[in-house]
Amino acid sequence: RIKGEFPWIPVVVMSTLGDPNQLLEAIEAGAAGYVLKSSGLQYIGDAVRGALLGETPIDEEMTRQLLRRMGDESSN
């Protein structure tokens, strides 16, 4: 909804869930990034600042899980 109303605002999703499916849904909905609440204040702050600068901050563990899952799907 935020991207529909304000497409120029970068949105960083902050979640307690480390679910690659939710990461993909967030990106498909236009999120500029995805961080876990457990990441710590410094990382979350850096992610928000990075998104404002055009970066795509995504939690590293989430990225590993997503790539692993994609690798598993491509080998089937």
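Q: Which strands pair here, and in which sense?
A: Happy to start there! In this predicted model, strand β1, residues 12-15, pairs with strand β2, residues 33-36. The sense of the pairing is parallel, and four bridges hold the record of it.

Q: Which residue is the bridge partner of V12 in β2?
A: Follow V12 across to β2 and you arrive at G33. Try another spot as well: M14 stands opposite V35 of β2.

Q: Are the residues on the two faces of β2 buried or exposed?
A: Take one side at a time. G33 and V35 are on one side, Y34 and L36 are on the other, and all of these are buried. Both faces of β2 are therefore covered, since a residue counts as buried under 20% relative accessible area.

Q: What unit do β1, α2 and β2 make?
A: Those elements make a β-α-β unit, and its hand is right-handed. You can trace it in the picture by going from β1 over α2 to β2.

Q: How many helices and strands are in the chain, and in what order do the elements run?
A: The chain has four helices and two strands. Reading from the N terminus, the order is α-β-α-β-α-α.

Q: How do I describe two packed helices, and what are the values for α2 and α4?
A: Here is the general idea: packed helices are described by the angle between their axes and by the distance between those axes. Now the case in this structure: α2, residues 20-28, and α4, residues 60-74, pack at about 100°, and their axes are 9 Å apart. That makes α2 roughly perpendicular to α4, because angles of 65 to 115 degrees count that way.

Q: Which residues of α2 and α4 meet?
A: From α2, look for P20, N21, L23 and L24. They meet M62, Q65, L66 and R69 of α4. Sorted by kind, the residues of this contact are five nonpolar, two polar and one charged.

Q: N21 is in helix α2, so is N21 buried, partly exposed or exposed?
A: N21 counts as partly exposed, because its relative accessibility is 40%. You can also check a distance along the way: N21 and I2 are 19 residues apart along the chain, and their C-alpha atoms are separated by 20 Å.

Q: Where is T16, and why is T16 called exposed?
A: T16 sits in the loop between β1 and α2. Its relative accessible area is 62%, and exposed means over 50%, so T16 earns that label. From T16 to S39 the C-alpha separation is 9.6 Å, with these positions 23 residues apart along the chain as the spacing.

Q: What about A31: where does A31 lie, and which residues does A31 touch?
A: A31 lies in the loop between α2 and β2. With 16% relative accessibility, A31 counts as buried. Setting aside residues up to four places away in sequence, A31 touches V11, V13 and A26. L66 is 35 residues from A31 in sequence, and the C-alpha atoms are 16 Å apart.

Q: Which residues is E55 in contact with, leaving aside neighbours within four places in sequence?
A: E55 is in contact with A32 and G50. You will find E55 in the loop between α3, residues 41-52, and α4. E55 is partly exposed, with a relative accessible area of 48%. Between E55 and F6 there are 18 Å from C-alpha to C-alpha, for residues 49 apart in sequence.

Q: How can I take in the whole chain, and what part of it is buried?
A: Step back from single residues. Of the 76 residues in the chain, 26% are buried. The C-alpha atoms fill a box of roughly 40 × 30 × 20 Å along the principal axes. Finally, look at contacts between residues at least 6 apart in sequence: 40% of them join residues at least 24 apart.

Definitions and conventions: Residues numbered from 1 in each chain as written. Predicted model: local features only at pLDDT ≥ 70, side-chain atom pairs only at ≥ 80, totals over all residues. Heavy atoms only, no water. Axes fitted to C-alpha atoms, helices over the stretch in contact; angles between N-to-C directions. Parallel < 35°, antiparallel > 145°, perpendicular 65-115°, else oblique. Contact = heavy atoms within 4.5 Å. Nonpolar A, V, L, I, M, F, W, Y, C, P; charged D, E, K, R; others polar. Pairing = 2+ DSSP bridges. Right-handed = clockwise from strand over helix to strand, strands pointing away. Buried < 20%, exposed > 50% of the residue type's maximum accessible area, 1.4 Å probe, protein only.
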